[in-house]
Amino acid sequence: METAIQAESLVKTYPKGVTALDGLSFAVAPGSVFALLGPNGAGKSTAVKILTTLTTPDAGHATVAGIDVLAQPDAVRRTIGVVAQGSGVDIQATGRENLRLQGQIHGIRGRALEERAQELLERFGLADAADRVARGYSGGMQRRLDIAMALVHDPAVLFLDEPTTGLDPEVRADMWSEIGVLARERGKTVLLTTHYLEEADQLAERVAIVDRGQVVAEGTPDALKRELRGDAIHVDLERESNGRVTSALAALDAVRDVTVEGRVLRARADDGGRAVPLVLQALEAGGVAVSSVRVARPSLDDVYLKYTGRTFDAAEAESDHS
Amino acid sequence: MTLIRHTLYMTLRHLRELWRQPWFVAVTLVQPVIWLLLFGALFKRVIEIPGFHSHSYIAFLAPGVVVMTAMFNAAWSGMALIDDLNRGVTARFLVSPVRREALIAGRILKEGVVVLIQSLIIVALALIDGASFPGGVGGVAVLFAVSALLGSTFGALSNGFALIMRQEEALIGATQFILLPLTFLSSTFLAANLIPRWMQHVADFNPVNWAVVAGRTATSASPDWGLAASRAGFLAVLLMVCLAFATNAFRSYQRSV
């Protein structure tokens, strides 16, 4: 098996003409953690639904663990573990009963099943709550149970669709370390979707940036950031003054890729420290008032901006309005 | 084999769910008793109408209430499925190797267990009230079998529509719309020869009436086994169609997600 997950030119259009996927392609190496990063509505969840056989694409081809998801969905289902965006916990059953049922569906029975359930309950800190009905679990506990349920049959490929959305920052940090452990364990392949840049940066060995149903860039987080030579300069302006900023900086050689979004000016420079005074001078000369300036190493946010032409926040806001 | 096992797992899951709601269990068990006693008292004197060939209205009514209870219970089966859809529980099952048929059959079998207990209560109560079922245990078994067929049919339909509508309000509306008319367009409460002629014709095509007719003749002094068998046959065919519909409805759901 060369790739654990392969998606080729996936297309999916929903009724009312909403195009969720527009030729999405990517490949994941076995035993690695791969992140699909993009704002809400970019098509990440649709990609996961197709790869996990929940739905089918209008066009394109996909394999998981070398098995064709369209031709042999049942064989794929035996190989994968899925943590969907919403919870899939039966809240009327206890944690143990939830785990048992998942195990039974995968053909685990008797003592092996009881031992596996107990092992997972302990590992995910649910041993004390194991025989309580899941309705009373906190959000973090339900999420941990969700992940435990996806692991009952020790799947070779694990799908985590927005695993930390809606969790407290503290719980999220716990979840990150748990996912990190999973990935290192026995060569499991993990496909993660997220709209948190830090999450992809922290957890994934490779990241594909998804925008409007297509992969616009792919690589290791470091390589993606390295492609953006030099430093990122962020200037907060006193007020919006779009036209003036561009004309003020037009003649300046020290910076490039200048973009303005609201009251934030972003630019790139080979040497941020040397460029900042020049930028401030030019802005002052152009009559643009500045409230603060930062120089930073490029982040995935900058990568996103470069490939999609808008910042991550702007894309998120756009998808919220649509 | 896998199908049977998966169906068993799902049935147990739903029964456990029910068991954890004692109030719901209590209401479920009392409901048919109320039907039987209420309608029994209300229509007590209809047996005096010339042409109503029955010595006890409770004995006449009991098979009808057994059938009605089976239908009324099973027809709401899809509501719990919508809850599962909304909570992502169904999606989780659909990405697992569980058999789709088991997801429907488990729900129907759970309703079957509930309805069987309700039916036993109804028959016992009718016996206590002085009714007799000359058809004996065999006759009562046939009555239970046809009401199980009818209940399963409505259970399958309800789950199929739940997957297509995916909205509780829509499913409630549709269910309310059909339940009572189907009950009254049958000989559940009144002997067939006393209901208006046009209603008799409609009733001939009404699955509820098939079950009532088959159950009533099977429990009577001189059962018409040919009649019972033909109505049971109609019900079995209808059930197969509805099960196929419900299982296929998963595809409609999966296209939409």
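**Close-up views of chains A and B**

**View 1. The end of helix H7 in chain B of this predicted model.** Immediately after H7(B), Arg166(B) adopts a positive phi of about 55°. The helix that precedes it, H7 of chain B, runs over residues 136-165 and is made of 30 residues, and the distance from its first C-alpha to its last is 43 Å, close to the 44 Å expected at 1.5 Å a residue. Of these 30 residues, 23 are buried, and therefore H7(B) is largely enclosed by the rest of the structure.

**View 2. Helix H8 of chain B, with its buried and exposed residues.** Helix H8 of chain B takes in residues 168-184, 17 residues in total, and it reaches 25 Å from its first C-alpha to its last, close to the 24 Å expected at 1.5 Å a residue. The buried residues of this helix are Leu171(B), Thr175(B) and Leu182(B). Because these residues cover an arc of only 55° around the axis, they are placed on the same side of H8(B). What covers them includes helix H4 (77-86), H7 and helix H10 (207-218) of chain B. On the other side of H8(B), the residues Glu169(B), Gly173(B), Gln176(B), Phe177(B) and Leu180(B) are exposed.

**View 3. Glu169(B), a residue of helix H8 of chain B.** Glu169(B) has 9 other C-beta atoms within 10 Å, and so it counts as exposed, since the limit for an exposed residue is 12 or fewer. Between Glu169(B) and Gln254(B) there are 21 Å in space, C-alpha to C-alpha, while in sequence the two are 85 residues apart.

**View 4. The contact between chain A and chain B.** On this interface, 22 residues of chain A are in contact with 19 residues of chain B. Two elements of chain A, helix H2 (73-79) and helix H3 (95-105), each give two or more residues to the side that touches chain B. The largest share of that side comes from H3(A), which provides four residues. Sorted by class, the side of chain A that touches chain B is made up of seven nonpolar, 10 polar and five charged residues.

**View 5. The two domains of chain A, and a strand pair at residues 231-237 and 290-296.** Chain A is divided into domain 1, residues 5-225, and domain 2, residues 229-297, and the centres of these domains, taken over C-alpha atoms, are separated by 40 Å. Strand E11 (residues 231-237) of chain A is joined to E14(A) by six bridges, and the two strands run antiparallel. Within this pairing, Ile233(A) stands opposite Val295(A) of E14(A). Strand E14 (residues 290-296) of chain A is hardly covered, as the count of buried residues among its seven residues is zero.

**View 6. Thr53 and Asp257 of chain A, two residues other than glycine with a positive phi.** Phi of Thr53(A) is near 70°, and this residue sits in the loop between helix H1 (44-51) and strand E4 (59-64) of chain A. Thr53(A) has 24 other C-beta atoms within 10 Å, so it is buried. For Asp257(A), phi is near 50°, and the residue belongs to strand E12 (residues 255-261) of chain A. Asp257(A) has 15 C-beta neighbours inside 10 Å and therefore counts as partly exposed.

Definitions and conventions. Residues numbered from 1 in each chain as written. Chains lettered and ligands numbered in written order. Predicted model: local features only at pLDDT ≥ 70, side-chain atom pairs only at ≥ 80, totals over all residues. Domains from an automatic or database assignment. Contact = placed C-beta atoms within 7 Å. Nonpolar A, V, L, I, M, F, W, Y, C, P; charged D, E, K, R; others polar. Buried ≥ 20, exposed ≤ 12 C-beta atoms within 10 Å, placed from the backbone. Pairing = 2+ DSSP bridges. Expected span 1.5 Å × (residues − 1). Arc of directions from axis to C-beta.
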